[in-house]
Amino acid sequence: MPPAAELIDATKKYGETEALRGVTIRIELGEVVAMLGPNGAGKTTSISLLLGLRKPTSGKALLFGLEPTNLLVRSRVGVMLQESGVPAMLKVREIVDLFRSYYPKPLPRDRAIAMAGLEEKANALVKELSGGQRQRLYFALAVCGDPDVLFLDEPTVGMDVEGRRSFIERIAEFARMERTVVLTTHYLEEADQLAKRVIVIDRGVVIADAPPAEIKSKVAGRRVRFVAPALSEKDLDGLPVTAVSITDHMVQLLTNKPEAVLRDLFQRGVAITDLEVAGADLEDAFIAMTSH
Amino acid sequence: MLVQQTRAEFLKLWRVPAFSATSILLPLVFYSFIGIGQASQVMQGGHVRFGAYFLASMAVYSVANVMIFSFGISVATERGMKMDLLMRAMPLPPLVYLLSRCITAIVFAAMTLVVLFPFAYVAGDVRLDASEWFTLAYRVLLGSIPFIALGFAIGYLSGPNSAVAVINLIYLPTAFASGLFFPKQLLPQIIQNIAPYLPLYRFGQLGWNAIGYPTSESISTDWLYLAGYGVVFFAIAVWAYRREESRKFS
């Protein structure tokens, strides 16, 4: 049984730049995999190769053991790209019907629209949709063919917290249908919530391939920022932080235990203002990892 | 798949009044302003009246216009929206995609003729044999094929905003220079010398000949010129397409 998606020693050069360097990845049917990495790591390039949108400079990209440009293979695959477009003057239900017609056994139209939460906008023209609604439309188009494998390239980029949360739930709903899902993201939290396996990519090379818990222990998941005039790095000794940067009075640190860190600081009476706790963008985490 | 795609392509164009309304109404506007006034004027060489001459001109104008615009603009805007990337990843066979667009363009072209012909009959008092009406119609549809290739070429070579500008800036003056509005004899000498080499002129000849207007060369020459242009435009379109392929999809 060939794997659902496979890169075999794949290299991709754009001119002089090597976006992927000899990457080998095997994804079996039924796996839910997140490809995690900072911007420019090679995630979108990997997806482009697997979808047959680009050809590897050397090595191979295969879907179900076949060339990804094969139309029969494509009829089992659903796609949500980072850069995408749909005709502005079609209605939502019309374009969902159109994309459904590309597949041999599509989902019922209303089901696909419901999975994206666009029931109210089913009769609206595409150009009337907001940014977040458009993203959900792309998701509907990705799942409407009832694909065996779903590729999502940075699906929640540009969304606000609430939008992201509900979108992740929609992806999870699809994954529960026992499909193969390959998603790329630069948010560790997203990878953790959705995937059973996280492949970490940086600068064109796979640097980790493990369940989320294991990855989390290596990479700090939360970013804490505040202003504290009287704080120096020494004051943070002994706290569970993996990276600290203090510029003027602005403190930024990465940690997996933000509550513990803050409790300690408050107990010591450290004066803090403008506190912000957020999910660590992998940018932050990787910068921290490579600078140590 | 073909039915759905054709339906979608049709709606995409139909719902843009700048295209659909203009394609159908503009020839009528031209005919009203230019054709009706002189409609009964008998032209050089015999029994053809200007009303009929101008009908042939407008049929040629509107069909070539539909072909260039529908292919040129839809290709250019889809590239601009990055829609081509998504379509590329779909299990849609490229041939179905192409065919659906051709069918849509032919439907629009037929629509313009279905509106234009009765209008000329009523407002311009144009009376032709059944065979003349028919010959005009099929020549106009067949002869528009090179302009499909031209539309593609423009679509792959221009961006979404420049495509509209390029087409508008080039199309109308060329139509004038080709004798579509005023017969070639009435144009400045320099233009008269260039006209026989313009594809719209050759296309026009097919139309005028169909309604009985005497043309200086045999229409086989016209078909030959159009075929030649078709090959050239097709080659440019293929080159531009391949260039796009290697830039975006290699």
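I will talk about the contact between chain A and chain B, then about one helix of chain A, and then about a single proline in chain A. Please keep in mind throughout that this is a predicted model.

Let me begin with the contact, to which chain B gives 21 residues and chain A gives 22 residues. On the side of chain B that touches chain A, the elements that supply two or more residues are α1, residues 2–14, and α4, residues 83–88, both of chain B, and the largest share, 5 residues, comes from α1(B). If we sort the residues on that side of chain B by character, we find 14 nonpolar, 3 polar and 4 charged.

That brings me to helix α3 of chain A, residues 92–100, which is mostly covered, with 7 of its 9 residues buried. Among those buried residues are Val92(A), Ile95(A), Val96(A), Leu98(A) and Phe99(A), and the list also includes Glu94(A) and Arg100(A). Within chain A, the buried residues of α3(A) pack against α4, residues 109–115, and α5, residues 131–143, and they also pack against α1 of chain B.

Finally, I turn to Pro3(A), which sits in the segment before β1, residues 5–14, of chain A. Why does Pro3(A) count as partly exposed? Pro3(A) is placed in that class because it has 16 C-beta neighbours inside 10 Å, whereas a residue needs 20 or more to be buried and 12 or fewer to be exposed. Beyond its neighbours within four places in sequence, Pro3(A) is in contact with Arg26(A), Ile27(A) and Glu28(A). The C-alpha atom of Pro3(A) is also 10.0 Å from that of Leu66(A), a residue 63 residues apart from Pro3(A) along the chain.

Definitions and conventions: Residues are numbered from 1 along each chain as its sequence is written. Chains are lettered from A and ligands numbered from 1 in the order in which they are written. This is a predicted model: local features need pLDDT of at least 70, side-chain atom pairs count only at pLDDT 80 or more; totals for chains, interfaces and linings use all residues. Two residues are in contact if their C-beta atoms, placed from the backbone, lie within 7 Å. Helices (H or I, at least four residues) and strands (E, at least two) are DSSP runs, numbered from the N terminus. Ala, Val, Leu, Ile, Met, Phe, Trp, Tyr, Cys and Pro count as nonpolar, Asp, Glu, Lys and Arg as charged, and the others, Gly among them, as polar.
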